Amino acid sequence: MTRYPRDMRGYGAKAPDAKWPGGAKVAVQFVLNYEEGGENCILHGDAASEAFLSDIAGAAQWPGQRHWNMESIYEYGARAGFWRLHRLFTGAGIPVTIYGVATALARSPEQVEAMKAAGWEIASHGLKWVEHKDMPEAEERAAIAEAIRLHTEVVGEPPRGWYTGRCSANTVRLTAETGQFDYISDTYDDDLPYWLELEDRDQLVIPYTLEANDMRFATAPGYITGEQFFTYLRDAFDVLYAEGRAGAPKMMNIGLHCRLIGRPGKLAGLKRFIDYISEFEDVWTPRRIDIARHWAAHHPHKRWQRPSQMARKAFVARFGGIYEHSPWIAERAFDLELGPAHDSAVGLANALARIFRTANAKERLGVLLAHPDLAGKLAAAKRLTAESTAEQASAGLDALTDAERETFSRLNAAYVVKFGFPFIIAVRDHDKPGILAAFERRLEHDRDHEFAEACRQVERIAGLRLKALLP
């Protein structure tokens, strides 16, 4: 069994109504990353200095020695940038979420006290602001546990949210395993929160952002001026606000760093954006924990049997009749690279259709021959499958007059004589006159043309049947 773990579908074409408080058209959420004092530094027991997200162009790690300039830039974030941002957000009455590196928080007690006094959420940003991609699973699990312990000791309460940032492929699973977090944010894959099923835990994920993020001041391509940052944030807000007015409210994440946006010239752009959104009455500016609680209350998770997670026997039992009396299609489809994208009616219809389309001519003809005549003898004898019975009834084919029944019998006979298989049409797409018109029209086709049309109709019927079973 081959299963693809990545979810390329998400909410699909119809995202849920977020139902933000007060009918808000968009939730604008500010994250302030507090990493100063938790970065790579030999003083912290690391092998080299930091090289990530600073104003030093082309920075590289210095193995075995302190990088005085790098340390100084990080210190600016704690000493000056944080307090400038604290004044800005408290003055605007906007609460923020802190992504706090535990060791950084431990080295900044005054800033932690100011965060708490302002009513800001302090989520965990891991134990240290270091790379985790090559970290052994056991080591990362231990680091997560120590981050929670130290965070609780320093802040006075455990974190309810988590974001590693420089994460591994194991991070989301390992943090969910703790059962500690109301949300995890180590994804960038949506504009809304969503639930992730990890064994027996339903974990809420609130995606984060790397683009509406001041880190672009320190990466290329990026922002040079505060005005560029403001322009990007404003444009993103305008698009999301318009979507909210159209009935599809979303979430706007904004990522900030004390040592970056805390510089005066950069902060001017952020201040301009805060002033801009203050002109809108129907904008919600929550902490991430507020979003998590709202989502859990208004969009609780409900588990259901997903095709990509079913055992073979159960899969074939449920979907073996989607193609009339042809369970071999489901059996072969089970062996495809199924994943979350196939847990919908459209996705599974595509997987089944791939098997049907690549079957040989004899096998495809067998599927056509498995279909009953419309309003034929099997229908009269009530020997149709439940699906076919319901489909024919939807177009009134179970209540024909004697004259109509005679017409259908005549057309059925003529069609089978000419093509060698029964007339097939997705009756749910038509009414009785439309079916009769299609009958007459298609009798004029040559066999190759009609074989292809019949196969298309078989796929359409399968798709409609799946829509009755799956989202």
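Me: How much area does the protein expose, and what share do carbon and sulfur atoms supply?
Reply: The protein exposes about 21700 Å², with 53% of that supplied by carbon and sulfur atoms; accessible areas come from the Shrake-Rupley method with a 1.4 Å probe. This is a predicted model, where local features need pLDDT of at least 70 and side-chain atom pairs count only at pLDDT 80 or more, while totals for chains, interfaces and linings use all residues. Residues are numbered from 1 along each chain as its sequence is written, and side-chain values use heavy atoms, leaving out hydrogens and water.

Me: What share of the residues is buried?
Reply: Of the 471 residues, 50% are buried, meaning under 20% relative accessible area.

Me: How many helices and strands are there?
Reply: The protein has 18 helices and eleven strands, taken as DSSP runs (helices H or I, at least four residues; strands E, at least two) and numbered from the N terminus.

Me: OK, helix α17. Which residues are buried there?
Reply: In α17 (residues 432-442), they are K432, I435, A438, F439 and R442. They sit on the same side of α17, because they cover an arc of only 125 degrees around the axis, judged by the directions from the helix axis to the C-beta atoms.

Me: What covers them?
Reply: The cover includes α16 (402-419) and α18 (447-467), contact being heavy atoms within 4.5 Å.

Me: Switching to strands: how do β7 and β8 run?
Reply: β7 (residues 194-198) and β8 (residues 201-205) run antiparallel, joined by five bridges; strands pair if DSSP finds at least two bridges between them.

Me: Which residue is the bridge partner of L198?
Reply: R201, in β8. Two residues lie between the strands of this hairpin, where E199 takes a positive phi near 55 degrees.

Note on methods
Buried means under 20% relative accessible area, exposed over 50%, partly exposed in between (1.4 Å probe, protein chains only).
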